[in-house]
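Student: Could you take me on a close look at a single part of this model, the annotated binding site, and then show me how it sits among the strands and helices around it?

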Amino acid sequence: MIVVKVGGSAGIDYDAVCADIAGRWKAGERLILVHGGSGETNRLAEALGHPPRFVTSPSGYTSRFTDRQTLEIFEMVYCGKMNKGIVERLQRLGVNAVGLSGLDGRIFEGRHKDSVRVVEDGKTKILRGDHTGTVEKVNTGLLELLLSAGYLPVLTPPASSYEGVAINVDGDRAAAALAVALKAEALLLLSNVPGLLRHFPDEASLIREIPAAEVESYLEFAQDRMKKKVLGAAEAVKGGVGRVIFGDARAGQPVSAALGGAGTVVS
Ligand SMILES: Nc1ncnc2c1ncn2[C@@H]1O[C@H](COP(=O)(O)OP(=O)(O)OP(=O)(O)O)[C@@H](O)[C@H]1O
């Protein structure tokens, strides 16, 4: 089993990702696709007059402050435009894909964090009304059912809280939890960069290999949102996933290239 997570930042070639996945799926590979949608969510939020608000925690992690209106915009993009766009591409390629969010069948579950500690203008504050959380539990029953019946699951945040409330969760870490739950041999985190760069944005500074036991020490090279990918990779390898690859989804055959060793390989 392979878990492929494709991001939602500018420059990602979804046609290339879907064509590669379709070829591998038809050749008999078992896989699940997880996707993001941050770029398009930012655009729609601006257009709807409710611009995105990013906050930084005291430990330096950046996240989207997700009030109820933001959550609804997030769902329009992640569960709507992005998810259906990917399912449509796969259907056109002859793959019977089924798009679901983590809320559907409670595939992704976690605790709802209503308040978040943030640093703004050098001061630490608490913001309330946040609809976020972290995936703590993956319910694989529905996924096994779909896979055994020949459907390719295409998953996206949000997740469900234990109370059944939709929560915005990080897609990379959700994919990592999924890969652990399914005992996947590989987790691919594909985005609009060649991998983890030692000197971002210098693409020539690509880090090719990271020993599994040392992955957390590479957090120092990751800025803002890349940190979550490194954290996800650490959680996946700790949970028994054979290897995690940060790969490039901008062109070519992104899945095959990453599985072939292009990008940053954590193992
Ligand atoms: N050291 C680094 N190496 C590579 N990229 C980095 C680094 N530090 C920060 N980044 C940034 O991280 C981004 C990738 O993370 P981001 O969460 O935006 O992607 P995504 O997975 O495509 O999006 P989504 O949240 O929609 O799933 C890159 O576009 C880059 O700007």
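Tutor: Happy to; we start at the annotated site and then move out to the sheet and its helices.

This is a predicted model, in which local features need pLDDT of at least 70 and side-chain atom pairs count only at pLDDT 80 or more, while totals for chains, interfaces and linings use all residues. Residues are numbered from 1 along each chain as its sequence is written.

In an unreviewed entry, UniProt lists Arg 64 and Asn 168 under "binding site". The two span 105 residues in sequence, yet no two of their C-alpha atoms are more than 8.6 Å apart, so they gather at one spot. UniProt positions are in the numbering used here, feature names are shortened, and annotations may be inferred rather than shown by experiment.

Let's take Arg 64. It lies in strand E4 (residues 62–64); helices (H or I, at least four residues) and strands (E, at least two) are DSSP runs numbered from the N terminus. Arg 64 is buried, with 21 other C-beta atoms within 10 Å. Here buried means 20 or more other C-beta atoms within 10 Å of a residue's own, exposed means 12 or fewer, and partly exposed falls in between, with C-beta atoms placed from the backbone. Leaving aside neighbours within four places in sequence, Arg 64 is in contact with Pro 52, Phe 54, Thr 70 and Asn 168, where contact means that C-beta atoms, placed from the backbone, lie within 7 Å.

Now for Asn 168, which sits in the loop between strand E10 (166–167) and helix H5 (171–181). Asn 168 is buried too, with 23 other C-beta atoms within 10 Å. Not counting residues up to four places away in sequence, Asn 168 touches Arg 64, Thr 66, Leu 71, Phe 74, His 131, Thr 132, Pro 157 and Pro 158.

From here we can step back to the sheet. It is an open sheet of eight strands in the order E5-E8-E2-E1-E11-E13-E14-E12, with mixed pairing. Its edge strands are E5 and strand E12 (209–210), each pairing on one side only. Two strands count as paired if DSSP finds at least two bridges between them.

Strand E8 (residues 152–156) deserves a careful look: five of its five residues are buried, so E8 is largely enclosed by the rest of the structure. Both faces are covered, with Leu 152, Val 154 and Thr 156 buried on one side and Pro 153 and Leu 155 buried on the other. E8 pairs in the parallel sense with strand E2 (residues 31–35) over two bridges, and Val 34 has Leu 155 as its bridge partner in E8. Strand E5 (residues 97–101) also runs parallel to E8, joined by five bridges; there, Gly 99 is partnered by Val 154.

Further along, strand E11 (residues 186–191) and strand E13 (residues 243–248) pair in the parallel sense over six bridges, with Ala 186 opposite Arg 243 in E13.

Finally, the helices. Helix H3 (residues 68–92) lies across E2, E5 and E8, running at about 165° to E5. H5, the helix that follows the loop holding Asn 168, lies across strand E1 (2–6), E2 and E11, running at about 175° to E1. Axes are lines fitted to C-alpha atoms, for helices over the stretch in contact, and angles run from 0 to 180 degrees between N-to-C directions.

Key
Contact = placed C-beta atoms within 7 Å.
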